[in-house]
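I am opening my notebook on a structure that is new to me. I will look up one pocket and one sheet.

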Amino acid sequence: MKTAALELQEFLFRITGVRIPVRDSIDPRGETQIILGKRTRDISYGKKLFGAELKKLSGTDGYAVRNIGNRLYVFGETDKGTMNGVYALLENNTDLIFARPHKEFGTVYTTRKDLDFVWGKDVLELPASRARGWNGYQDIEWMARNKCSIFNGGGGGDISWMNRKKGNYGVFRQKHSYGHNIGHFIYAKRYFKTHPEYYSLVNGVRRPWNQYCFSNPEVKRVFTENALDMIRRAPEDVRILTVDMDDTWNACECKSCTVPIKLADGTMLDREDPAFRSTQYFLFLNDVVKKINAEFPDWKVKTLAYFSTAVPPKCEVSPNIIPEFAPYVRTNDKVPLFAPENLKWLEYLRVWAEKSKDIEVYDYHGLGLEFRPLAEVRAKDFAELHKYTRGMSSEYRHGGDRDTKGGESKIWDYSAMEFWVLTRLYWDPSQDVEQLRKYFLRRTFREAAPPLERFYGTIRTEWFRNGRASTIGDNPVELTKVILLEPGHEKTLRACLDEAAKLAKHPASAEMVRRLRKRFEDQVTAAKAIRTPSIAVPLLRPQGDADFSNPVWKGAAKIASFGKCYAKEPAPAENPSEVRLFHDSDNLYLYMIFHDAKIADIKRQNPPAGKEKDFIPEADHVEIFLCDPLKEGVYYMFCADPFGTRAELQQYDYKWNGEWHSRARVLKDRWEVIAKIPLKTINADNAKGNLLKGLILRERHAHGADKTREYSSWGGGNHHQTVTFGTIRLMR
C-alpha cells in the first residue's frame, strides 16, 4: 500500500511539480482527497462502504474507483489491486505511458501545472488471470506499472526470495530459492565424492548435475532433510519452495531406476512409455512434499513441468505441488497453441489441469522478439491458457532495459511495443490488438506515430505473409534479411524512420526514434554482410551400396573445411571436418569425416527412456539441415552421432518422420558418417528444380581432458538459421 501511495505521489509530482502529502489516515476536514486501499468504514460518513465491490474483487488483484463528494477512492481487495488502480488512475487522467523500463526515457508524459481527475461511474476491473508477468532479473517497476504480478527474476540481479523489492510491488507468490536448482538439494561438492550413488548413472558413469537416482531411498531422505532445512531458514511470509529440474533429458539408468513402475491401479508402466520419467519424478516429489507438510502443513512446492516432466505423469500429484508448465519448444509461433503443429502442448496441459488446479505456465514469447509480432497469436493463446491455469509468465532477456554493463536495452529498441502489448493482453486477452498498438504508438511517439505505424505494419504484414515458421531461436539479422531486404522494403522503412525523426518533439519520443533508427541500420548492415557458401554436387551412379569403401566417393564434390559458428569474424574450426557429396537424381549422398585428436575419450550418450527415437545427444554429433524447396520457411534436420543414434525433425517437430539412411563408425583419429537422403523426403525434385538450401553442422562436445566445446559448420552457418545456409546445386 505504501508503494502505491508513493508511486502516485511521485508521478503527480513529475507531471505537475506539486508533491502532494501522503497521510496514514483520512483527514476529517472537507478538503479534496484521494483515498487508497480497501476501507469498509469511512470515518467521516460513519457507514460501511464498498462491500459489494470488495466481494466482486475478492481473490483477484483487480481494482475499483469510486467518487463520493470531494473524495476519490481507489481500492482493491488486495494491496496489489489498489496499486493496479493507482496506475490506471494515472494513465486514464494523463497522457502518461510506461512504454519501456529504461529509467532515462522509458516513461513518456506531458508536464502541466494542474490536473483534474475525471472518472466514470462504477469503474471496476478484474484481470483475466491471477498471475501475469515476466521472468527477468530487472525491470520490476515497469512490470508492476503495467499490472504484472509475476517477476520471478527479482531485481538488481537477485533472483531469489531475498530480494524484498518484489514484495513492495506485489509479487503473486514469494518463492524460496529459484531457477534450475534441483542440484542444490544434494549439493555435489558436499556429497558426490562420498556418495556418488545418489546421482544419475548415465552411460555407465555416475554424474552430478543431472537428475538424482530417484529409486535410492537415501536420496529421498537426504533430499527431504535438506529441503526442510531450507524451509526452516525461510522468511515468515514465504510458503513456497522451488524445486526445478535441470535442463537435460539425462536420467538415471541404473537397474532400479529403469524397472517398470507399478501404478495405483496395479498396471505396470515401463521405461518406453513417454510418461515414465515424469511419473518417476512426481512419485518421488509426492513423498518429499508429504514429509514437508508433516512439519509445515501450509507449505507448497513449485516445480517445472518441463522436458521429460512436461508429459503428464500417470500418477496422482499432491495438491501441494504447483506445476509450472513449460511448452519448450513449440513448433511454430505464428499459429496458436491449438494449431495442429503446436497442439501436443495444449493436450499435455489439458491432462495436467485434470491433475492439478494450481498450475502456472512458464512460456517463452519474450525471447526472439524484434521482428516477431506475436501479440495477435498470443492473445488467442492467453485466452485458451486461462481456462486451465492461474496465469502465465514468460522468460525474457535478463539483463533488463539498461545501457550499463550487463544491460540489454537494444532488444527494447525494436520490441518495446510488443512487450507492452503482450503485457496488456495478460490482463485481458480479449482486447483489440491493433487498437493496443495504436494506443502505444500514439502515446509513446505522439506526432511521430503515423510513420511508425507504417513501419511496424509493414514488418507485421511481411512476417505473416512469409511462410517460414518462427521459433524462439529466430535471429534478428536473419529476419532483417528475410522480412525486410529480400522483399524490397529497406527504402520504404528507412523513409518511415526518417519522417518519424523529423516529427518527434517530446525528448523521450525523439530518443526512442533515434535508437530505433540506429538498430535498424545496424541490422541492415549486418544482414547485407551475410555471405553464404555454395557447392555444385555432381550426378553419379554408384555401383552397389555407397558404403565407406565405394570408389564413387572419389568423384564426389568436397567441402574441405568448416568454420566456427556464432563467430564475430570468420574463423576456421579447430577440429577439422570434411564432407563429400553427390546425388543420383533421386537421393543426396553425404560422406562426413570428423577428425578428433581425443577420439579415445569421446563419450557416448544413450537415449533416455521414451526417447529412443529422435534423440539428439548432448555429445558429439552432426546435424544436416535441408530446406523444403516447395514450402517457404520449412526445413528439415537430420542428426547422427558416432554410435548410430539418429533423429529427424521438421524444424523443432519430433513427430515428423522422414525416410533416410545412415551408418557411422569410429576410427583411431576420427569418426565418420554416411547419409543417404531421398530428395522426395524434403519435397525436392531434381527435374523441376536443382537448387537446395542447406547446412552441415558439427557439434564437438567436451570429452576427456579436453574441456572445450566447438560448433563448426560449412561456411560458419548457425543452427536453424536458414539465412546462414549455403546453396547446393544438383548438377544435371
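Before sorting a lining by class, I note the classes: Ala, Val, Leu, Ile, Met, Phe, Trp, Tyr, Cys and Pro count as nonpolar, Asp, Glu, Lys and Arg as charged, and the others, Gly among them, as polar. I also note that this is a predicted model.

**Entry: the pocket**

I looked up the second largest pocket. Its volume is about 990 Å³. I found 34 residues in the lining. Ile20, Pro21, Gln33, Ile34 and Ile35 lie nearest the centre of this pocket.

Which elements give two or more residues to the lining? I found helix 1 (2-16), strand 1 (33-36) and strand 5 (71-75). Helix 1 gives the most, with seven residues.

I then sorted the lining of this pocket by class. It has 18 nonpolar, eight polar and eight charged residues.

**Entry: the sheet**

Next I looked up an open sheet of four strands. I read the strand order as 1-5-4-8, and the pairing is mixed. Why is one side of strand 1 and of strand 8 (123-125) left without a neighbour in the sheet? Both stand at the edges and each has a single partner strand, so one side of each stays free of a neighbour there. From one strand to the next, the twist averages 15°.

I followed strand 1 to strand 5. They run parallel, and four bridges join them. For Ile35, I found Tyr73 in strand 5 as the bridge partner. Ile35 is also among the residues nearest the pocket centre.

**Entry: a helix across the strands**

Last, I looked up helix 3 (residues 79-93). Helix 3 lies across strand 1, strand 4 (63-68) and strand 5. It runs at about 125° to strand 5.

Note on methods:
Residues are numbered from 1 along each chain as its sequence is written. This is a predicted model: local features need pLDDT of at least 70, side-chain atom pairs count only at pLDDT 80 or more; totals for chains, interfaces and linings use all residues. Side-chain values use heavy atoms; hydrogens and water are left out. On a 1 Å grid over the protein atoms alone, a cavity is a set of points where a 1.4 Å probe fits but cannot get out, and a pocket is an open set with protein on both sides within 12 Å along at least five of seven lines; lining residues have an atom within 4 Å of a point. Grid points are joined across faces, edges and corners, and a volume is the space filled by probe spheres set on the points. Two strands pair if DSSP finds at least two bridges between them. Axes are lines fitted to C-alpha atoms, for helices over the stretch in contact, and angles run from 0 to 180 degrees between N-to-C directions. Contact means heavy atoms within 4.5 Å.
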